[in-house]
Amino acid sequence: MNISIEHIAKVEGHGKLYVDVVKGKVECVQMSIFEGARYFEGLVKDRHISEVPSVVSRICGICSQSHLLCSQLAIENAMNIKVTKQTQTLRELLMLASLMQSHVLHLYFLALPDYLGYDSAMSMAKKYKKEVSRALKLKRLANDIVQTVGGREIHSLTPVIGGFAKLPTQSEINELLKKVKEHKKDFEETAKLFGKLKYPDYKRETQYLAIGNKDKVDYLKGNLFCGKKKLTPKKYANFISEDVVKYSNTKCVTLKDNEMMVGALARINNNRKLMTRNSKIIMNKSNIKFPSNNPYHNNAAQGFELIDFYDRAVNILKDLSIKDEKPKDLKTVPGRGVSVVEAPRGTLIHEYEINKYGKIKKANIIAPTTINMKNIEEDIKSILPEMIKKTKSKTKIRDEIEKLIRAYDPCISCSTHFLELIWNEK
Amino acid sequence: MKYFCLGNEFVQEDSYAIKLCRIIKKQNPNLELIECQSSDEFLQNINDDKIIGIIDVVRGIKEVRIVRNHELKKSSNIINSHDFDINFFMNILKEIGIIKKIKIIGIPQQELQDTTIEKVKSLI
């Protein structure tokens with residue numbers, strides 16, 4: 001039996017899934033991304049470092065802040081620039097808002113229809129007006145935060161290497177705090193909703209990679225942890241392999257030759273004890289127990305993370321007292337800088353080698369979706385025999401595979417609505 | 001009634017509604033004309049407006065006219081997170097009852113002429 005899903009598509013691209021089943025045994029699963037190469041690492045070569053963050057933020061419109069900040073941090077690491085506490089705090093706030101926005105969009109408009117049995121958010125909207133309205137309110141709130149801190153909703157302008165080119169005013173921050181606090185119930189309702197959905201009963205052991213810190217969950221700095229094993233970001237190439245595969249335009253990323261998962265589930269599996277009290281209370285009241293080896297629980301984890309983002313955003317805004325300060329001077333020295341951040345979809349790595357003129361000699365960017373790709377393949381390999389036993393319906397199998405892929409919230413996930421299933425049975 | 005003027009002032013063929021918005025606003029400062037570059041800005045400016053207006057460039061029309069909903073390309077099924085466009089949001093806002101009616105004024109994709117401006121003013 002040969003199953004081909006001909007069109008998965010990367011966020012702005014295309015992908016397909018090829019599955020080979022012989023006598024009920026899955027012989028081969030290949031997620032093939034045939035989207036044309038993006039060439040961002042090549043595009044920034046020979047460009048001055050001051051241009052690079054805004055160029056790479058264009059990799060994605062949804063997680064543009066993650067790429068922007070990761071790039072700035074990597075360059076600052078290379079130049080040994082230490083930013084102020086205020087810059088760190090504002091960056092964290094920007095990141096939290098970006099995570100909120102991405103999770104809300106994915107959870108309500110892409111994942112929820114799957115679990116409620118609808119083919120799209122539009123067909124669900126009439127019956128679930130309250131939920132859709134809540135999603136729109138939360139999206140708007142996240143946009144407001146990004147706009148206030150970053151200067152505009154997408155592709156922020158104000159964060160620059162060394163600080164902020166323009167700071168929000170104290171009254172804008174105060175106003176924002178008021179607005180954020182008004183949405184507490186919306187965040188809680190979201191976490192409760194995704195904590196009580198009926199997720200498919202499936203689990204498979206894998207490795208979970210996320211940034212870890214001793215005292216608090218951090219999205220912008222720290223070491224990487226795979227379970228209890230600490231991995232230094234600077235030496236990422238010693239433990240993370242990127243291999244070219246014949247069937248895909250995306251590389252196959254592994255940790256010590258094995259697949260791994262990044263994203264909300266990995267973060268909660270690794271760092272749940274450091275989450276805010278409020279998020280832990282709601283999480284513990286749900287039926288889902290962490291650590292979990294069920295990839296569908298990634299959606300529940302995203303819901304619980306939203307409470308954590310809310311609490312952290314409120315705490316930041318409460319304590320923030322804006323001081324007028326300029327970005328640190330950019331004195332170019334040759335060097336190499338690596339940065340890891342927790343983007344909405346998981347760990348994102350940027351690495352740059354910079355010459356004495358402040359121009360990029362070499363760049364390497366590893367996006368979370370690329371890291372998750374191998375894990376998705378392995379999940380499909382493991383879940384498919386059971387699916388085939390349960391049904392012979394091509395549509396049902398396609399829908400279930402799509403649902404699994406979508407649970408990862410990969411940049412290609414959403415596009416799985418587009419999947420075309422070609423089934424050749426021998 | 002609020003009118004959202006959509007487009008990007010830096011992309012010539014997509015800039016005409018924004019330019020038109022500025023001209024009309026100068027002549028009639030009381031009109032609620034809002035420049036809007038993205039679906040986010042659109043969402044941010046909708047409050048309790050049951051009926052809203054959209055002014056946008058429409059490829060293929062020769063003169064200013066009202067564009068009916070059935071003429072729009074359906075975007076009810078979003079494929080990925082990048083598909084949350086204004087059309088999607090307009091439709092979902094209608095589905096959940098926040099908006100009751102949308103009036104879309106289409107303008108031709110060409111340099112603004114006095115007749116275009118006057119026609120839009122008469123339709124507002």
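Q: Two strands pair if DSSP finds at least two bridges between them, where strands are DSSP runs of E with at least two residues and helices are runs of H or I with at least four, both numbered from the N terminus; what makes strand 3 and strand 5 of chain B a pair?
A: This is a predicted model, in which local features need pLDDT of at least 70 and side-chain atom pairs count only at pLDDT 80 or more, while totals for chains, interfaces and linings use all residues. Residues are numbered from 1 along each chain as its sequence is written, chains are lettered from A and ligands numbered from 1 in the order in which they are written, and side-chain values use heavy atoms, with hydrogens and water left out. Strand 3 and strand 5 (residues 101–108) of chain B are joined by 8 bridges in the parallel sense, which meets the requirement of at least two, and they therefore count as paired. Within this pair, B:Asp56 stands opposite B:Gly106 of strand 5.

Q: How do you know that strand 1 of chain B also pairs with strand 3 of chain B?
A: Strand 1 (residues 2–6) and strand 3 (residues 51–58) of chain B run parallel and are joined by 4 bridges, so the requirement of at least two is met here as well. B:Cys5 faces B:Ile55 of strand 3 across this pairing.

Q: Why are strand 12 and strand 14 of chain A said to stand at the edges?
A: These strands belong to an open sheet of 3 strands in chain A, in the order 12-13-14 and with antiparallel pairing. Strand 12 and strand 14 (360–366) each have a single partner strand, so one side of each is left without a neighbour in the sheet. Strand 13 (residues 346–354) and strand 14 of chain A are linked by 6 bridges in the antiparallel sense, and A:Glu351 stands opposite A:Asn364 in strand 14.

Q: Why is A:Cys70 in no disulfide?
A: A disulfide is a pair of cysteine sulfur atoms within 2.5 Å, and by this rule the count over all chains comes to 0. For A:Cys70 the nearest cysteine sulfur, that of A:Cys63, is 11 Å away, so this pair does not satisfy the cut-off. The sulfur of A:Cys226 is likewise too far for a bond, because the closest cysteine sulfur, in A:Cys252, is 16 Å from it.

Q: What makes A:Cys70 count as buried or exposed?
A: Buried means under 20% relative accessible area, exposed over 50% and partly exposed in between, with a 1.4 Å probe and protein chains only. A:Cys70 has a relative accessible area of 0% and is therefore buried. A:Cys226, at 15%, counts as buried too, and so does A:Thr370, at 16%. A:Thr370 lies in helix 13 of chain A, and its C-alpha is 9.3 Å in space from that of A:Glu242, although 128 residues separate the two in sequence.

Q: Why is a space called a cavity, and why is another called a pocket?
A: On a 1 Å grid over the protein atoms alone, a cavity is a set of points where a 1.4 Å probe fits but cannot get out, whereas a pocket is an open set with protein on both sides within 12 Å along at least five of seven lines; lining residues have an atom within 4 Å of a point. Grid points are joined across faces, edges and corners, and a volume is the space filled by probe spheres set on the points. The structure holds 2 cavities of 30 Å³ or more, of which the largest has a volume of about 50 Å³ and the second largest about 40 Å³.

Q: What makes up the lining of the largest cavity, by class?
A: Ala, Val, Leu, Ile, Met, Phe, Trp, Tyr, Cys and Pro count as nonpolar, Asp, Glu, Lys and Arg as charged, and the others, Gly among them, as polar. On that basis the lining has 5 nonpolar, 2 polar and 3 charged residues. The lining includes A:Met31, A:Cys252 and A:Glu377, and helix 13 (residues 368–390) of chain A gives the largest share, 3 residues.

Q: What supplies the largest share of the lining of the second largest pocket?
A: Helix 4 of chain A does, with 6 residues. This pocket of about 1000 Å³ is lined by 35 residues, of which A:Leu73, A:Val83, A:Gln88, A:Asp218 and A:Lys221 lie nearest its centre. The lining divides into 9 nonpolar, 13 polar and 13 charged residues.
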